[in-house]
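Me: I am new to this structure and should like to understand the terms applied to it. Please set each value against its definition.

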Amino acid sequence: GAVTVDGTAALGINATSTSGVANATANTVVVNILGTTITGGTVGINAKNTGKDVTDTVSVTLGAGTVVNGNNGDGVHAEGVNGVVSVDTVGTINSANGDGVDASTSGTGDVHVNGTAAINVTAGAGDGIVVTSTDGNLFVGDTGGGYSGAIDTAGGNGIKAYITNTKSTGNIAVTTSATGTITGDADNGIYAKTEGLGDVAVVAVGNIGSAPNGVTKDGISAEINNKNNLNSLNVDVTADIVADDDGVEALTDSLVGDVVVNQLAGSDIKAGDIGIYALVNQKDSSAGDVLVTQAAGATITSVGDGIRAVTIGEGDVNVDVAGAITATGAAANGIKAYNNYNTPIIGTDGNVTVIVKSTANINSASGYGVLALNGNGTGTGGTEDRITITTAGTVEGFLDGIKAAQTGPDGSVS
């Protein structure tokens, strides 16, 4: 039969190892719950390991029929140092004034959160799932095809994964499945940011927000904020997104890393500002490209630019669209592709390329259908300073269907 653990005056379950040292003994913390209701007056489940060996792990597994309630704190709190911290969920997790799942390591331990549990944050600004580490990798939804539980927050992020250690080589990977939806009550739907040296990858299949209740900020906000990071930032979107700000915002400060955003077939983005914003935000970038692809059957409706692909560095900007884009706001463009390199190196400046395929339909109510700008053009020979626009689909704009402008003294437009 059902078992209920009621700790309404304290923690529902407190499983803690406090060795706090590195030794030859594996000090593991394991919590397995099946078909049980766990209620904590603060945190529902607290699983913590202060041991410093890689074998000092934390594992929390919630089985079918499990309900976890954190009445004034996290639903599940899992914390380690150098050992792996893993949370696998089935059932329901409820939190007030905390996070649904808060999993972290203060050393090199990786963090994994997977499962199908519905997560509800009913009060406060807590996140549905938050993962962080000082030096480890962060994974949400790395098994089972992505996190598959519906997430509803009262104002925090749906999923937040972040690294603040500038020397960390830890990677961030967030994946949701079709049932891993995030409601419009969230701040950002998915927030993934590193200030370290690892890569960031987001795969969103579960819908984020829904009309008329879009998430307050961005549907997906993904960022690399370290110029010494050599990796690329990648976002793949199959989800429908409704956001009050940008549908997808992906930016890097890397000296060499790319920003890659793919909107796949079936995805519908509705944005109160920019549909997809992809940016290399590093003026000293020597090789970082911006690549945005929209598949046939994908749609964007935005108040700002439908797609804005920009580098302020020296790399290329490439936009390839086969779906539908409608930009409705003042001075908004269907596509804006822009290279704004401020101090060009002679002969090595970047190109801007826009391809509009036969299935594409681009419309701007008050701006340009396609606006392509290149602030480069100081190279010699004109081989690396091009604007190239190829159109086979429909492009319509209030000002012009297509405008291409090369502002440097050298370069070409075709």
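Me: What makes the six strands an open sheet, and in which order do they stand?

Reply: In this predicted model, the order is 23-26-29-32-35-38, with parallel pairing. Strands are DSSP runs of E, at least two residues long, numbered from the N terminus; two strands pair if DSSP finds at least two bridges between them. Strand 23 (241–243) and strand 38 (394–397) are at the edges with a single partner strand each, so one side of each has no neighbour in the sheet.

Me: How do you know that strand 35 and strand 38 pair?

Reply: Strand 35 (residues 361–364) and strand 38 share four bridges in the parallel sense, and the criterion asks for at least two, therefore they count as paired. Ser 364 stands opposite Gly 397 in strand 38.

Me: Why is Ala 331 called exposed, and what is Asn 97 called?

Reply: Exposed means over 50% relative accessible area, buried under 20%, and partly exposed in between (1.4 Å probe, protein chains only). Ala 331 has 59% and therefore counts as exposed; Asn 97 has 47%, so the term is partly exposed.

Me: What is notable about phi at Asn 97?

Reply: Asn 97 has a positive phi of about 60° although it is not a glycine. Most residues other than glycine have a negative phi. Asn 97 lies in the loop between strand 10 (92–96) and strand 11 (101–105).

Me: On what basis are residues numbered and values computed?

Reply: Numbering starts from 1 along each chain as its sequence is written, and side-chain values use heavy atoms, leaving out hydrogens and water. Local features need pLDDT of at least 70 and side-chain atom pairs count only at pLDDT 80 or more, whereas totals for chains, interfaces and linings use all residues.
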